[in-house]
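Visitor: I would like a close look at a single part of this structure, the sheet, and at what packs around it. Could you take me through that part slowly, strand by strand, and then through the charged pairs elsewhere in the chain?

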Amino acid sequence: MAPASAPSPDGARTVLYIEDNLSNLELVQRILARQPDLRLLTATRGQEGLHLAQQHHPRVILLDVHLPDLSGDEVLRRLKSEGPLASIPVVVISADATPVQRARLLSLGARDYLTKPLDVRAFMAVLRQALEEGE
């Protein structure tokens with residue numbers, strides 16, 4: 001099994017975004033398109049995201065909380081209990097900005113919690129820090 005920090009075949013670092021809202025996916029795609037050292041994989045369902053994480057071992061996982069099939073909490077729990085995936089930094093991106101929600105997901109193992117609408121500079125700063133952790 002590949003290590004959690006395995007590079008993609010072209011040397012780019014892989015980021016997985018698990019998000020069911022297409023406009024949010026497109027925004028992150030546009031942001032990361034300007035980053036030639038990054039490759040973005042996307043999933044619109046939690047189960048699909050878990051499968052892609054197992055298959056590609058991304059450097060960082062971006063995770064929405066409200067998904068159609070599994071809650072973000074459940075996806076995070078499964079990632080953090082999955083051997084080689086447990087060390088991958090997970091950054092939650094959600095419109096649910098309540099302190100209780102944020103604290104719960106951070107306690108489950110999220111590296112950071114960003115709120116929507118996304119502040120692009122803050123997002124890139126957190127992503128770069130998480131990428132360094134995932135190396």
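Guide: What follows starts with the sheet, moves to the helices and the cores beside it, and ends with the salt bridges.

Please keep in mind that this is a predicted model. The sheet is open, has five strands in the order 2-1-3-4-5, and is paired in the parallel sense. As background, strands of a sheet pair through backbone hydrogen bonds, and the pairing may be parallel or antiparallel. Strand 2 and strand 5 (112-115) stand at the edges, and because each has a single partner strand, one side of each is left without a neighbour in the sheet. From one strand to the next the twist averages 20°.

Strand 3 (60-63) is a good place to look in detail. Strand 3 pairs with strand 1 in the parallel sense over four bridges, and within this pairing L16 has I61 of strand 3 as its bridge partner. Strand 3 also pairs with strand 4 (90-94), again in the parallel sense, over three bridges, and here V91 of strand 4 is the bridge partner of L62. Between strand 3 and strand 4 the chain passes through helix 3, and this β-α-β crossover is right-handed. Strand 4 in turn pairs with strand 5 in the parallel sense over four bridges, where D112 of strand 5 is the bridge partner of V91.

The side chains of strand 3 can be followed to both faces of the sheet. In a regular strand, side chains alternate between the two faces. In strand 3 both faces are covered, with V60 and L62 on one side, I61 and L63 on the other, and all of them buried.

Helices lie against the sheet as well. Helix 1 (22-33) packs on the sheet and touches strand 1, strand 2 and strand 3, and its direction makes about 170° with that of strand 2. Helix 5 lies across strand 1, strand 2, strand 3, strand 4 and strand 5, and runs at about 140° to strand 3.

The nonpolar side chains form cores. The largest nonpolar core has 22 residues, of which L16, I18, I61, L63, V75 and L79 touch the most other members. At least two residues of this core come from each of strand 1 (13-18), strand 2 (38-43), helix 2 (46-56), strand 3, helix 3 (72-80) and strand 4. A second core, separate from it, has 19 residues, among them V15, I31, L114 and L131. Within the largest core, L79 is worth following: leaving aside residues up to four places away in sequence, L79 touches L50, A53, I61, L85, A86 and V90.

Now to the charged side chains. As a general matter, side chains of opposite charge can pair when their charged atoms come close. A search of the whole structure finds 10 salt bridges. One of them joins D37 and R128, whose closest N and O atoms are 2.9 Å apart. This pair links distant parts of the chain, with D37 in the loop between helix 1 and strand 2, R128 in helix 5 (residues 120-133), and their positions 91 residues apart in sequence. Both ends count as partly exposed, D37 at 28% relative accessibility and R128 with a relative accessible area of 26%.

The loop that holds D37 also holds P36. P36 counts as exposed, because its relative accessibility is 77%. P36 and A12 are 24 residues apart in sequence, and their C-alpha atoms are 7.4 Å apart in space.

In helix 3, E74 takes part in two salt bridges that can be read side by side. The side chains of E74 and R77 meet at 3.6 Å, N to O, and because these residues are three apart in helix 3, about one helical turn separates them. E74 also forms a salt bridge with R78, with the closest N and O atoms 2.8 Å apart, and since E74 and R78 are four residues apart in helix 3, about one helical turn separates this pair too. Each of these residues is partly exposed: E74 has a relative accessible area of 26%, R77 is at 42% relative accessibility, and R78 has a relative accessible area of 31%.

Finally, R102, R111, D112 and E133 are linked in a network of salt bridges. D112 thus appears twice in this account, since D112 is also the bridge partner of V91 in strand 5.

Methods: Residues numbered from 1 in each chain as written. Predicted model: local features only at pLDDT ≥ 70, side-chain atom pairs only at ≥ 80, totals over all residues. Heavy atoms only, no water. Core = buried A, V, L, I, M, F, W, Y, C linked by side-chain atoms within 4.5 Å. Buried < 20%, exposed > 50% of the residue type's maximum accessible area, 1.4 Å probe, protein only. Contact = heavy atoms within 4.5 Å. Salt bridge = Lys/Arg side-chain N within 4 Å of Asp/Glu carboxyl O. Pairing = 2+ DSSP bridges. Right-handed = clockwise from strand over helix to strand, strands pointing away. Axes fitted to C-alpha atoms, helices over the stretch in contact; angles between N-to-C directions.
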